[in-house]
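Trainee: Could we go through this model together, beginning with the ligand and then turning to the packing and the cysteines?

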Amino acid sequence: MSFEAVIFDMDGVITKTALTHAAAWKKMFDEYLQKRVQEHGEKFVEFTHEADYLPYVDGKPRYKGVASFLESRGIDIPFGDASDTPDMETVCGLGNRKNIAFNEVLEKEGAEVYPSTEALIYELKSAGIKLGVASSSKNCKPVLERVNLLDVFDARVDGVVSAELGLHGKPEPDIFTSACDIVNKAYNKSIVVEDAVSGVQAGIKGKFGLTIGIARENNVKELKEAGAHIVVEDIEEISGIDGLNKIFTQFNK
Ligand SMILES: O=P(O)(O)OC[C@H]1O[C@@H](O)[C@H](O)[C@@H](O)[C@@H]1O
């Protein structure tokens, strides 16, 4: 094989939980924006998937997502602290409020994998390719446990590990480069698989051998503009490890 490691994002790439996150964000932000109508007399402008979630929140660490969205609406509240309770009107308080909504849905509905991604993961594993998961989410470990994939990865750099190590979140490449460092593989011999614009930007900034965009959201154009070497709608289109090898070689002559 011409590549030595593959680092996967989780939400939206391995598991269908990107949708769970998006719904939890919408619930929390719409409630908060409604509250501001009463308290500040502001006009209610709904939090939408296309105009708000995808450009400002998707793929970013929890509090960075809150801060980006609020900034886009010109809302300035204190940052607060990760220990803030969900009733506090701070960036962290709002992020923690959303986390409750996310975990309620996760508890009720569980998590599901994308079968094509799971199949590729096992194919790569059998071929001795190093596997990493690089997720902004602090819920990465419990989600992977639920779908029985936690032990498959040689490296996991998630929201919890990032906070411990003080890593910059996506669109900075830190969590992908840290995953490669753990498995001791060069970035230019590694592949990043991402569904979020911020994650693709991170793959490109980190100068990985290949950054693949998975367009789950009718956002082929946005992922290409973010710099993805190739964009597919599902991993199935890659045609397994041999297909991946061909694509990698094509971009690394
Ligand atoms: O709040 P968590 O679970 O730490 O997740 C942070 C982010 O994790 C990313 O993986 C998701 O794409 C985002 O939607 C989410 O907001």
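Trainee: How far is an oxygen atom of the ligand from an N or O atom in the side chain of Arg62?

Mentor: This is a predicted model, in which local features need pLDDT of at least 70 and side-chain atom pairs count only at pLDDT 80 or more, while totals for chains, interfaces and linings use all residues. Residues are numbered from 1 along each chain as its sequence is written, and side-chain values use heavy atoms, with hydrogens and water left out. A polar contact is a pair of N or O atoms within 3.5 Å, and for the side chain of Arg62 and the ligand oxygen the distance is 2.7 Å.

Trainee: Which residue has a backbone N or O atom 2.6 Å from an oxygen atom of the ligand?

Mentor: Tyr53 places a polar side-chain atom 2.6 Å from a ligand oxygen. The backbone atom at 2.6 Å from an oxygen of the ligand belongs to Lys138.

Trainee: Where does the largest nonpolar core lie with respect to domain 1 and domain 2?

Mentor: Such a core is a set of buried (under 20% relative accessible area, 1.4 Å probe, protein chains only) Ala, Val, Leu, Ile, Met, Phe, Trp, Tyr and Cys residues joined through side-chain atoms within 4.5 Å. The largest one has 38 residues, and Phe8, Leu124, Phe153 and Leu244 have the most contacts inside it. Because domain 1 (5-16 + 112-251) and domain 2 (19-109), with bounds from an automatic or database domain assignment, both give residues to this core, it lies between them.

Trainee: How many disulfides are there?

Mentor: A disulfide is counted when two cysteine sulfur atoms lie within 2.5 Å. By this rule the number of disulfides is zero.

Methods: Buried < 20%, exposed > 50% of the residue type's maximum accessible area, 1.4 Å probe, protein only. Polar contact = N/O pair within 3.5 Å; in protein donor to acceptor, adjacent residues only side chain to side chain.
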